[in-house]
Amino acid sequence: MKKTEWPQRTQLQRRQALKRSAFKAKPKQKKGLSMPLVVAKMAGTLFKHQPKPPAVFRSEQHLKNVAALPCANCGLEKRSQAAHMNGVEFGKGLGLKVSDALVFPLCADGFLRRGCHGLHDQGGIYDKGTAVGLQLTWLQNTRDELKRLGQWPEQADRDVETFVGAYLRRQLA
């Protein structure tokens, strides 16, 4: 048998060492302003965008105060969560949550027990007409109780008047 002139290559031997420079990460350079922003800066019309303030009332403390109350539906204590009102008529929409002013306490799911909050969100307790009426009653009772305890935030009144007032005006018209 005749040997070939070509050297045999195996996986364990390399003809040339690997270059390590290809694996080094290059430092990223900061890009400057884009051309329209450079022109705006030269013209003196460049401005910085400011985030919008929330359009509706938001308060973690208010949600905690509401959750401390007993369930508005069944009266169960120490298992409540702050449940937002459901319905487009109260400002709920795709990707939008109702104002934190429009919350009332409903009990959470427990062991072998479906809570009122889950049933409320899934529409499993009442039909739509009855549910809206009960939500308004629960909201009013929650508001009265928190005012009695001195925990109702005055900023929340604006959203209650805006959303619930608009809903009631549409119903009367």
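Trainee: Why is arginine 58 called partly exposed?

Mentor: Good place to start, and keep in mind that this is a predicted model. The relative accessible area of arginine 58 is 39%. Partly exposed covers the range between under 20% and over 50%, so arginine 58 is partly exposed.

Trainee: What makes the contact of arginine 58 and aspartate 100 a salt bridge?

Mentor: Their side chains meet at 3.3 Å, N to O. The cut-off is within 4 Å, so the pair counts as a salt bridge. The structure holds five salt bridges.

Trainee: Why is the pair of arginine 58 and aspartate 100 said to tie parts together?

Mentor: Arginine 58 sits in the loop between α1 and α2, and aspartate 100 in the loop between β1 and β2, so the pair ties together parts that are 42 residues apart in sequence.

Trainee: How do you know whether aspartate 100 is buried or exposed?

Mentor: Look at its relative accessible area, which is 5%. Buried means under 20%, so aspartate 100 is buried. Aspartate 100 is also among the residues that histidine 62 touches.

Trainee: And where does histidine 62 lie, and why is it called buried?

Mentor: Histidine 62 is in helix α2, residues 60-67. Its relative accessible area is 2%, and the limit for buried is under 20%, so histidine 62 is buried. Its contacts, not counting residues up to four places away in sequence, include Phe57, Leu146 and Trp152.

Trainee: What makes arginine 148 and glutamate 145 a salt bridge?

Mentor: The N to O distance is 2.5 Å, and the limit is within 4 Å, so they form a salt bridge. Both belong to helix α4, three residues apart, which means about one helical turn separates them.

Trainee: Why do arginine 148 and glutamate 145 get their exposure labels?

Mentor: Arginine 148 has 60%, and exposed means over 50%, so arginine 148 is exposed. Glutamate 145 has 26%, which falls in between the 20% and 50% limits, so glutamate 145 is partly exposed.

Trainee: How many aromatic pairs are there?

Mentor: The count is one aromatic pair. The rings of phenylalanine 104 and tryptophan 138 have their centres 5.3 Å apart.

Trainee: Why is that pair called tilted?

Mentor: The planes stand at 55 degrees. Stacked needs under 30 degrees and edge-to-face over 60, so this pair is tilted. Phenylalanine 104 is in strand β2 and tryptophan 138 in helix α4, 34 residues apart, and the pair links distant parts of the chain.

Definitions and conventions:
Residues numbered from 1 in each chain as written. Predicted model: local features only at pLDDT ≥ 70, side-chain atom pairs only at ≥ 80, totals over all residues. Heavy atoms only, no water. Helix = DSSP H or I, 4+ residues; strand = E, 2+ residues; numbered from the N terminus. Buried < 20%, exposed > 50% of the residue type's maximum accessible area, 1.4 Å probe, protein only. Contact = heavy atoms within 4.5 Å. Phe/Tyr/Trp six-rings, centres within 6.5 Å; stacked < 30°, edge-to-face > 60°.
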